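Hi,

Here is the structure I promised to pass on. Have a look at it first, and my notes follow underneath.

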Amino acid sequence: MDLWGPLAERYGTARPRKLLALDGGGIRGVMTLEILAEMERQLRDLHGGDENFRLCDFFDYIGGTSTGAIIATGLARGMSAEGLLEFYQEVGPAMFQKQSFLKRLLRGMYQRQPLADALQETFGADTTLFPEHLRCLLLAVTRNRTTDSPWPISSNPLAQFNDPAAADCNLKIPLWKLVRASTAAPIFFEPEEIELEPGNPKSRYVFVDGGITPYNNPAFLLYRMATLPQYRLEWETGEDRLMLISVGTGAAATVETTVSSSRNALVNLAGLPGALMYGVLMDQDINCRTVGRCLHGSPIDYELGDMIPRDEDGAPIPLTQDLGRDFLYARYNADLTRQGLDALGLEDLDPARMQRLDSIEDIPDLRRVGQAVAREVRMADFTPFLP
(Lines give C-alpha, C1' and ligand atoms only; values in the text may rest on other atoms or scores of the structure.)
Protein backbone atom coordinates (compact mmCIF):
# COMPACT_ATOMS: atom_id res chain seq x y z
CA MET A 1 0.00 0.00 0.00
CA ASP A 2 3.02 2.31 0.27
CA LEU A 3 2.82 2.68 -3.50
CA TRP A 4 -0.55 4.43 -3.16
CA GLY A 5 0.77 7.15 -0.85
CA PRO A 6 -2.02 9.53 0.23
CA LEU A 7 -4.56 7.49 -1.77
CA ALA A 8 -3.92 4.27 0.20
CA GLU A 9 -7.07 4.43 2.31
CA ARG A 10 -9.29 5.04 -0.71
CA TYR A 11 -7.84 2.31 -2.91
CA GLY A 12 -6.73 -0.19 -0.30
CA THR A 13 -10.07 -1.95 0.17
CA ALA A 14 -12.61 -3.47 -2.20
CA ARG A 15 -15.71 -1.33 -2.72
CA PRO A 16 -18.06 -0.33 -5.54
CA ARG A 17 -16.14 1.75 -8.09
CA LYS A 18 -17.13 4.57 -10.44
CA LEU A 19 -15.43 5.34 -13.77
CA LEU A 20 -15.65 8.52 -15.87
CA ALA A 21 -14.55 8.48 -19.53
CA LEU A 22 -14.15 11.64 -21.64
CA ASP A 23 -13.93 11.76 -25.46
CA GLY A 24 -11.55 13.75 -27.60
CA GLY A 25 -12.86 16.52 -29.83
CA GLY A 26 -10.78 19.71 -29.76
CA ILE A 27 -12.46 22.88 -28.56
CA ARG A 28 -15.74 20.96 -28.41
CA GLY A 29 -14.52 19.90 -24.99
CA VAL A 30 -16.53 22.84 -23.66
CA MET A 31 -19.65 20.75 -24.38
CA THR A 32 -18.25 18.01 -22.16
CA LEU A 33 -17.55 20.52 -19.42
CA GLU A 34 -21.09 21.89 -19.41
CA ILE A 35 -22.39 18.34 -18.93
CA LEU A 36 -19.83 17.69 -16.19
CA ALA A 37 -20.65 20.98 -14.47
CA GLU A 38 -24.30 19.94 -14.16
CA MET A 39 -23.25 16.49 -12.98
CA GLU A 40 -21.00 18.08 -10.37
CA ARG A 41 -23.79 20.37 -9.15
CA GLN A 42 -26.22 17.51 -8.67
CA LEU A 43 -23.67 15.29 -6.96
CA ARG A 44 -22.59 18.19 -4.73
CA ASP A 45 -26.17 18.63 -3.57
CA LEU A 46 -26.32 14.95 -2.64
CA HIS A 47 -23.09 15.36 -0.69
CA GLY A 48 -24.55 18.06 1.55
CA GLY A 49 -23.81 21.04 -0.68
CA ASP A 50 -20.12 21.05 0.24
CA GLU A 51 -18.48 23.74 -1.95
CA ASN A 52 -15.22 21.80 -1.85
CA PHE A 53 -16.81 18.73 -3.45
CA ARG A 54 -15.24 17.73 -6.75
CA LEU A 55 -15.95 15.01 -9.30
CA CYS A 56 -12.68 13.33 -8.29
CA ASP A 57 -14.26 12.74 -4.86
CA PHE A 58 -16.99 10.65 -6.50
CA PHE A 59 -15.26 8.99 -9.47
CA ASP A 60 -12.43 6.58 -8.67
CA TYR A 61 -10.85 6.49 -12.13
CA ILE A 62 -11.09 9.27 -14.73
CA GLY A 63 -9.82 8.72 -18.26
CA GLY A 64 -9.66 10.96 -21.29
CA THR A 65 -8.32 11.28 -24.80
CA SER A 66 -7.02 14.49 -26.39
CA THR A 67 -9.18 17.35 -25.11
CA GLY A 68 -10.71 14.73 -22.81
CA ALA A 69 -7.23 14.16 -21.36
CA ILE A 70 -6.96 17.85 -20.49
CA ILE A 71 -10.30 17.70 -18.70
CA ALA A 72 -9.59 14.34 -17.03
CA THR A 73 -6.26 15.63 -15.72
CA GLY A 74 -7.81 18.79 -14.36
CA LEU A 75 -10.53 16.81 -12.61
CA ALA A 76 -8.05 14.27 -11.20
CA ARG A 77 -5.98 17.18 -9.89
CA GLY A 78 -9.02 18.46 -7.99
CA MET A 79 -10.22 21.20 -10.33
CA SER A 80 -13.94 21.83 -10.66
CA ALA A 81 -15.77 21.56 -13.96
CA GLU A 82 -16.56 25.27 -13.72
CA GLY A 83 -12.87 26.04 -13.20
CA LEU A 84 -11.97 24.04 -16.28
CA LEU A 85 -14.61 25.90 -18.28
CA GLU A 86 -12.87 29.13 -17.32
CA PHE A 87 -9.56 27.58 -18.43
CA TYR A 88 -11.02 26.77 -21.88
CA GLN A 89 -12.53 30.23 -22.20
CA GLU A 90 -9.20 31.88 -21.41
CA VAL A 91 -6.79 29.49 -23.13
CA GLY A 92 -8.97 28.31 -26.04
CA PRO A 93 -8.02 31.15 -28.40
CA ALA A 94 -4.33 30.64 -27.58
CA MET A 95 -4.58 26.90 -28.28
CA PHE A 96 -5.38 27.61 -31.91
CA GLN A 97 -2.90 30.30 -32.90
CA LYS A 98 -1.97 29.68 -36.52
CA GLN A 99 1.59 29.09 -37.64
CA SER A 100 3.18 30.82 -40.61
CA PHE A 101 2.28 29.24 -43.94
CA LEU A 102 5.59 27.35 -44.20
CA LYS A 103 5.35 26.03 -40.64
CA ARG A 104 1.77 24.96 -41.27
CA LEU A 105 3.04 22.78 -44.12
CA LEU A 106 5.97 21.33 -42.15
CA ARG A 107 4.75 21.11 -38.54
CA GLY A 108 1.03 21.70 -38.18
CA MET A 109 -1.65 24.32 -38.54
CA TYR A 110 -1.34 25.69 -35.01
CA GLN A 111 1.48 26.71 -32.69
CA ARG A 112 2.64 24.25 -30.05
CA GLN A 113 3.90 26.61 -27.37
CA PRO A 114 0.74 28.43 -26.19
CA LEU A 115 -0.97 25.20 -25.11
CA ALA A 116 2.27 23.80 -23.65
CA ASP A 117 2.72 26.95 -21.57
CA ALA A 118 -0.89 26.89 -20.39
CA LEU A 119 -0.66 23.23 -19.36
CA GLN A 120 2.55 23.85 -17.40
CA GLU A 121 1.03 26.84 -15.65
CA THR A 122 -2.19 25.01 -14.79
CA PHE A 123 -0.89 21.55 -13.86
CA GLY A 124 2.66 22.48 -12.79
CA ALA A 125 5.92 22.09 -14.67
CA ASP A 126 7.18 19.34 -12.33
CA THR A 127 3.89 17.57 -11.58
CA THR A 128 3.90 13.84 -12.43
CA LEU A 129 1.50 10.89 -12.24
CA PHE A 130 2.57 9.83 -8.75
CA PRO A 131 -0.34 9.52 -6.27
CA GLU A 132 0.70 12.59 -4.28
CA HIS A 133 -0.04 14.75 -7.33
CA LEU A 134 -3.55 13.39 -8.00
CA ARG A 135 -6.76 12.94 -6.05
CA CYS A 136 -7.99 9.91 -8.01
CA LEU A 137 -6.68 7.53 -10.66
CA LEU A 138 -6.02 9.06 -14.08
CA LEU A 139 -5.77 7.62 -17.60
CA ALA A 140 -4.56 9.64 -20.59
CA VAL A 141 -4.65 8.05 -24.05
CA THR A 142 -1.97 8.91 -26.57
CA ARG A 143 -0.39 7.27 -29.60
CA ASN A 144 3.28 6.40 -29.76
CA ARG A 145 4.21 7.22 -33.34
CA THR A 146 7.67 5.70 -32.87
CA THR A 147 6.24 2.24 -32.12
CA ASP A 148 3.06 2.80 -34.17
CA SER A 149 0.81 1.80 -31.29
CA PRO A 150 -1.75 3.25 -28.86
CA TRP A 151 -0.24 4.12 -25.49
CA PRO A 152 -2.82 4.47 -22.73
CA ILE A 153 -0.81 5.75 -19.75
CA SER A 154 -2.33 5.35 -16.30
CA SER A 155 -1.40 6.62 -12.84
CA ASN A 156 -2.17 3.18 -11.40
CA PRO A 157 0.92 2.55 -9.21
CA LEU A 158 0.47 -1.23 -9.55
CA ALA A 159 0.72 -1.21 -13.36
CA GLN A 160 3.57 -3.07 -15.05
CA PHE A 161 5.37 0.00 -16.36
CA ASN A 162 4.86 2.15 -13.26
CA ASP A 163 7.53 0.69 -10.99
CA PRO A 164 9.13 3.72 -9.26
CA ALA A 165 12.47 1.88 -9.14
CA ALA A 166 12.61 1.71 -12.95
CA ALA A 167 14.46 4.50 -14.74
CA ASP A 168 11.72 4.64 -17.39
CA CYS A 169 8.78 4.51 -14.97
CA ASN A 170 5.73 6.07 -16.65
CA LEU A 171 4.71 7.76 -13.40
CA LYS A 172 7.74 10.05 -13.79
CA ILE A 173 6.47 11.58 -17.03
CA PRO A 174 5.69 15.29 -16.51
CA LEU A 175 1.91 15.50 -16.47
CA TRP A 176 1.78 18.49 -18.79
CA LYS A 177 3.87 16.68 -21.43
CA LEU A 178 1.64 13.63 -21.31
CA VAL A 179 -1.46 15.78 -21.82
CA ARG A 180 0.24 17.76 -24.58
CA ALA A 181 1.09 14.46 -26.29
CA SER A 182 -2.51 13.26 -26.07
CA THR A 183 -3.71 16.47 -27.77
CA ALA A 184 -1.14 16.59 -30.60
CA ALA A 185 -3.59 15.95 -33.45
CA PRO A 186 -1.77 15.37 -36.77
CA ILE A 187 -2.14 18.26 -39.22
CA PHE A 188 -3.36 20.49 -36.38
CA PHE A 189 -0.34 20.30 -34.02
CA GLU A 190 3.22 19.03 -34.16
CA PRO A 191 4.02 15.85 -32.18
CA GLU A 192 5.36 15.79 -28.62
CA GLU A 193 8.68 14.10 -27.80
CA ILE A 194 9.08 12.42 -24.42
CA GLU A 195 12.18 10.79 -22.95
CA LEU A 196 10.91 8.08 -20.66
CA GLU A 197 14.37 7.90 -19.10
CA PRO A 198 15.59 11.51 -18.90
CA GLY A 199 19.03 11.90 -20.44
CA ASN A 200 18.80 8.69 -22.47
CA PRO A 201 18.13 9.48 -26.15
CA LYS A 202 17.30 5.82 -26.80
CA SER A 203 14.22 6.18 -24.58
CA ARG A 204 12.89 9.13 -26.60
CA TYR A 205 9.56 8.55 -28.32
CA VAL A 206 7.37 10.69 -30.52
CA PHE A 207 3.73 10.95 -29.46
CA VAL A 208 0.63 12.19 -31.25
CA ASP A 209 -3.05 12.62 -30.44
CA GLY A 210 -4.77 9.68 -28.76
CA GLY A 211 -7.74 10.34 -31.02
CA ILE A 212 -5.76 8.67 -33.82
CA THR A 213 -6.28 5.33 -32.07
CA PRO A 214 -9.37 3.19 -31.47
CA TYR A 215 -9.81 5.05 -28.18
CA ASN A 216 -10.97 8.57 -28.98
CA ASN A 217 -13.87 7.41 -26.83
CA PRO A 218 -11.87 5.71 -24.05
CA ALA A 219 -14.85 4.26 -22.15
CA PHE A 220 -14.42 0.55 -22.94
CA LEU A 221 -10.65 0.84 -22.61
CA LEU A 222 -11.09 2.37 -19.15
CA TYR A 223 -13.35 -0.54 -18.16
CA ARG A 224 -10.71 -3.04 -19.30
CA MET A 225 -7.89 -1.28 -17.49
CA ALA A 226 -9.92 -1.22 -14.29
CA THR A 227 -10.90 -4.89 -14.35
CA LEU A 228 -8.49 -7.10 -16.33
CA PRO A 229 -5.82 -8.83 -14.24
CA GLN A 230 -3.09 -7.74 -16.66
CA TYR A 231 -3.53 -4.14 -15.48
CA ARG A 232 -3.31 -5.21 -11.80
CA LEU A 233 -6.29 -3.35 -10.39
CA GLU A 234 -8.82 -6.17 -10.90
CA TRP A 235 -11.82 -4.22 -9.68
CA GLU A 236 -14.94 -6.32 -9.28
CA THR A 237 -17.56 -6.28 -12.01
CA GLY A 238 -21.32 -6.38 -11.58
CA GLU A 239 -24.24 -4.00 -11.72
CA ASP A 240 -23.85 -3.18 -8.04
CA ARG A 241 -20.03 -3.07 -8.12
CA LEU A 242 -19.04 -0.96 -11.13
CA MET A 243 -20.48 2.08 -12.90
CA LEU A 244 -19.17 3.78 -16.04
CA ILE A 245 -20.25 7.25 -17.16
CA SER A 246 -19.14 8.33 -20.64
CA VAL A 247 -19.31 11.93 -21.87
CA GLY A 248 -18.74 12.95 -25.48
CA THR A 249 -17.90 16.13 -27.37
CA GLY A 250 -20.71 15.81 -29.88
CA ALA A 251 -20.95 13.60 -32.94
CA ALA A 252 -22.45 13.59 -36.41
CA ALA A 253 -22.61 10.85 -39.03
CA THR A 254 -21.92 13.36 -41.82
CA VAL A 255 -19.58 16.16 -40.86
CA GLU A 256 -18.49 19.34 -42.61
CA THR A 257 -14.86 18.25 -42.43
CA THR A 258 -15.09 14.97 -44.34
CA VAL A 259 -13.01 14.53 -47.49
CA SER A 260 -14.37 16.20 -50.61
CA SER A 261 -12.99 16.50 -54.13
CA SER A 262 -14.06 20.14 -54.12
CA ARG A 263 -11.48 21.13 -51.47
CA ASN A 264 -7.69 21.17 -51.52
CA ALA A 265 -5.53 18.45 -49.99
CA LEU A 266 -4.60 20.40 -46.83
CA VAL A 267 -8.24 21.09 -45.98
CA ASN A 268 -9.14 17.46 -46.64
CA LEU A 269 -6.32 16.25 -44.40
CA ALA A 270 -7.51 18.56 -41.62
CA GLY A 271 -10.87 16.82 -41.79
CA LEU A 272 -9.52 13.30 -41.32
CA PRO A 273 -9.13 13.42 -37.49
CA GLY A 274 -12.79 14.29 -37.08
CA ALA A 275 -13.89 11.52 -39.43
CA LEU A 276 -11.74 8.94 -37.62
CA MET A 277 -12.99 10.09 -34.23
CA TYR A 278 -16.61 9.56 -35.19
CA GLY A 279 -16.10 5.99 -36.36
CA VAL A 280 -14.18 4.78 -33.34
CA LEU A 281 -16.30 6.48 -30.69
CA MET A 282 -19.43 4.75 -31.99
CA ASP A 283 -17.78 1.33 -31.81
CA GLN A 284 -16.60 1.90 -28.24
CA ASP A 285 -20.08 3.05 -27.23
CA ILE A 286 -21.62 -0.13 -28.67
CA ASN A 287 -19.08 -2.26 -26.78
CA CYS A 288 -20.08 -0.58 -23.52
CA ARG A 289 -23.79 -1.07 -24.16
CA THR A 290 -23.18 -4.73 -25.00
CA VAL A 291 -21.08 -5.69 -21.97
CA GLY A 292 -22.57 -3.13 -19.59
CA ARG A 293 -26.18 -2.30 -18.81
CA CYS A 294 -27.12 0.92 -20.55
CA LEU A 295 -29.30 3.27 -18.50
CA HIS A 296 -29.10 6.34 -20.72
CA GLY A 297 -27.90 7.14 -24.22
CA SER A 298 -29.11 8.30 -27.61
CA PRO A 299 -30.01 5.62 -30.16
CA ILE A 300 -27.01 4.14 -31.97
CA ASP A 301 -28.91 3.61 -35.22
CA TYR A 302 -32.28 2.33 -36.45
CA GLU A 303 -31.22 -1.28 -36.04
CA LEU A 304 -29.64 -1.20 -32.55
CA GLY A 305 -31.73 1.54 -31.00
CA ASP A 306 -30.47 2.76 -27.61
CA MET A 307 -29.81 -0.80 -26.29
CA ILE A 308 -31.46 0.03 -22.95
CA PRO A 309 -32.91 -3.27 -21.61
CA ARG A 310 -36.72 -3.18 -21.74
CA ASP A 311 -39.60 -5.46 -20.90
CA GLU A 312 -42.22 -6.75 -23.33
CA ASP A 313 -44.15 -3.49 -23.06
CA GLY A 314 -41.09 -1.40 -23.93
CA ALA A 315 -40.54 -0.03 -20.42
CA PRO A 316 -36.96 0.04 -19.04
CA ILE A 317 -36.37 -2.91 -16.72
CA PRO A 318 -35.94 -1.56 -13.14
CA LEU A 319 -32.53 -1.76 -11.49
CA THR A 320 -33.99 -3.97 -8.79
CA GLN A 321 -33.77 -6.74 -11.40
CA ASP A 322 -30.10 -7.58 -11.88
CA LEU A 323 -29.42 -8.61 -15.48
CA GLY A 324 -25.91 -9.89 -14.81
CA ARG A 325 -24.09 -7.23 -16.85
CA ASP A 326 -20.53 -6.21 -15.93
CA PHE A 327 -21.37 -2.59 -15.10
CA LEU A 328 -24.00 0.12 -15.22
CA TYR A 329 -23.47 2.52 -18.10
CA ALA A 330 -24.69 5.93 -19.19
CA ARG A 331 -23.62 7.92 -22.23
CA TYR A 332 -24.15 11.68 -22.58
CA ASN A 333 -23.43 13.18 -25.97
CA ALA A 334 -24.84 15.67 -28.48
CA ASP A 335 -26.05 14.87 -31.97
CA LEU A 336 -24.52 17.68 -34.06
CA THR A 337 -26.57 17.09 -37.19
CA ARG A 338 -29.29 19.53 -38.22
CA GLN A 339 -31.92 17.16 -36.88
CA GLY A 340 -30.05 16.66 -33.61
CA LEU A 341 -29.59 20.36 -32.90
CA ASP A 342 -33.23 21.05 -33.72
CA ALA A 343 -34.26 18.36 -31.22
CA LEU A 344 -32.24 20.21 -28.56
CA GLY A 345 -34.08 23.44 -29.35
CA LEU A 346 -31.03 24.97 -31.06
CA GLU A 347 -32.47 25.69 -34.50
CA ASP A 348 -30.35 28.83 -34.85
CA LEU A 349 -27.01 26.99 -34.73
CA ASP A 350 -25.06 25.94 -37.83
CA PRO A 351 -24.22 22.20 -37.65
CA ALA A 352 -21.08 22.66 -39.76
CA ARG A 353 -19.67 25.16 -37.27
CA MET A 354 -20.58 23.01 -34.26
CA GLN A 355 -18.80 20.01 -35.80
CA ARG A 356 -15.42 21.72 -36.21
CA LEU A 357 -12.63 20.82 -33.79
CA ASP A 358 -11.04 24.29 -33.83
CA SER A 359 -14.01 26.68 -33.91
CA ILE A 360 -12.89 28.90 -31.02
CA GLU A 361 -15.15 31.75 -32.13
CA ASP A 362 -18.12 29.48 -31.51
CA ILE A 363 -17.30 28.64 -27.87
CA PRO A 364 -20.47 30.40 -26.57
CA ASP A 365 -22.66 28.35 -28.91
CA LEU A 366 -20.79 25.13 -28.14
CA ARG A 367 -21.51 25.78 -24.49
CA ARG A 368 -25.20 26.14 -25.32
CA VAL A 369 -25.14 22.69 -26.90
CA GLY A 370 -23.49 21.27 -23.79
CA GLN A 371 -26.04 22.96 -21.55
CA ALA A 372 -28.88 21.45 -23.58
CA VAL A 373 -27.45 17.93 -23.22
CA ALA A 374 -26.75 18.57 -19.53
CA ARG A 375 -30.51 18.71 -18.95
CA GLU A 376 -30.50 14.94 -19.54
CA VAL A 377 -28.28 14.32 -16.48
CA ARG A 378 -30.28 12.64 -13.76
CA MET A 379 -29.13 11.04 -10.56
CA ALA A 380 -31.29 7.98 -11.28
CA ASP A 381 -28.56 6.94 -13.71
CA PHE A 382 -26.11 6.82 -10.80
CA THR A 383 -28.12 4.43 -8.63
CA PRO A 384 -27.00 2.38 -6.63
CA PHE A 385 -23.75 4.35 -6.29
CA LEU A 386 -25.09 7.41 -4.49
CA PRO A 387 -24.57 8.29 -0.81
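Where is glutamate 234 found? Glutamate 234 sits in the loop between α9 (219-227) and β7 (242-247). Bear in mind that this is a predicted model. I picked that residue since its phi is near 55 degrees, a positive value in a residue other than glycine.

Aspartate 148 is another one to check: its phi is positive too, about 55 degrees, and it is not a glycine either. You'll find Aspartate 148 in the loop between β3 (137-144) and β4 (149-154), and it is exposed, with a relative accessible area of 56%. While you're on the backbone, there is a cis peptide bond between threonine 383 and proline 384, with omega about 5 degrees. Proline 384 belongs to the segment after α13 (363-374).

Now the pocket. The largest one has a volume of about 710 Å³. It is lined by 27 residues, and Ser298, Pro299, Ile300, Asp335 and Thr337 are the closest to its centre. The lining splits into 14 nonpolar, seven polar and six charged residues. α10 (265-291) supplies the largest share, five residues, while β9 (328-332) and α11 (338-343) each give at least two.

As for the inside, the largest nonpolar core has 105 residues, and Leu36 and Met39 have the most contacts within it. Helix α2 (residues 29-46) gives the most to this core, eight residues. Beyond its neighbours within four places in sequence, Met39 is in contact with Leu55, Phe59, Ile245, Val247, Tyr332, Val377, Met379 and Phe382. Another core, of five residues, lies apart from the largest one and includes Tyr110, Ala185, Phe189 and Leu357.

Cheers

Terms used: Residues numbered from 1 in each chain as written. Predicted model: local features only at pLDDT ≥ 70, side-chain atom pairs only at ≥ 80, totals over all residues. Heavy atoms only, no water. 1 Å grid on protein atoms, 1.4 Å probe; cavity = no way out; pocket = protein on both sides within 12 Å on 5 of 7 lines; lining within 4 Å. Points joined across faces, edges and corners; volume = space filled by probe spheres on them. Helix = DSSP H or I, 4+ residues; strand = E, 2+ residues; numbered from the N terminus. Nonpolar A, V, L, I, M, F, W, Y, C, P; charged D, E, K, R; others polar. Core = buried A, V, L, I, M, F, W, Y, C linked by side-chain atoms within 4.5 Å. Buried < 20%, exposed > 50% of the residue type's maximum accessible area, 1.4 Å probe, protein only. Contact = heavy atoms within 4.5 Å.
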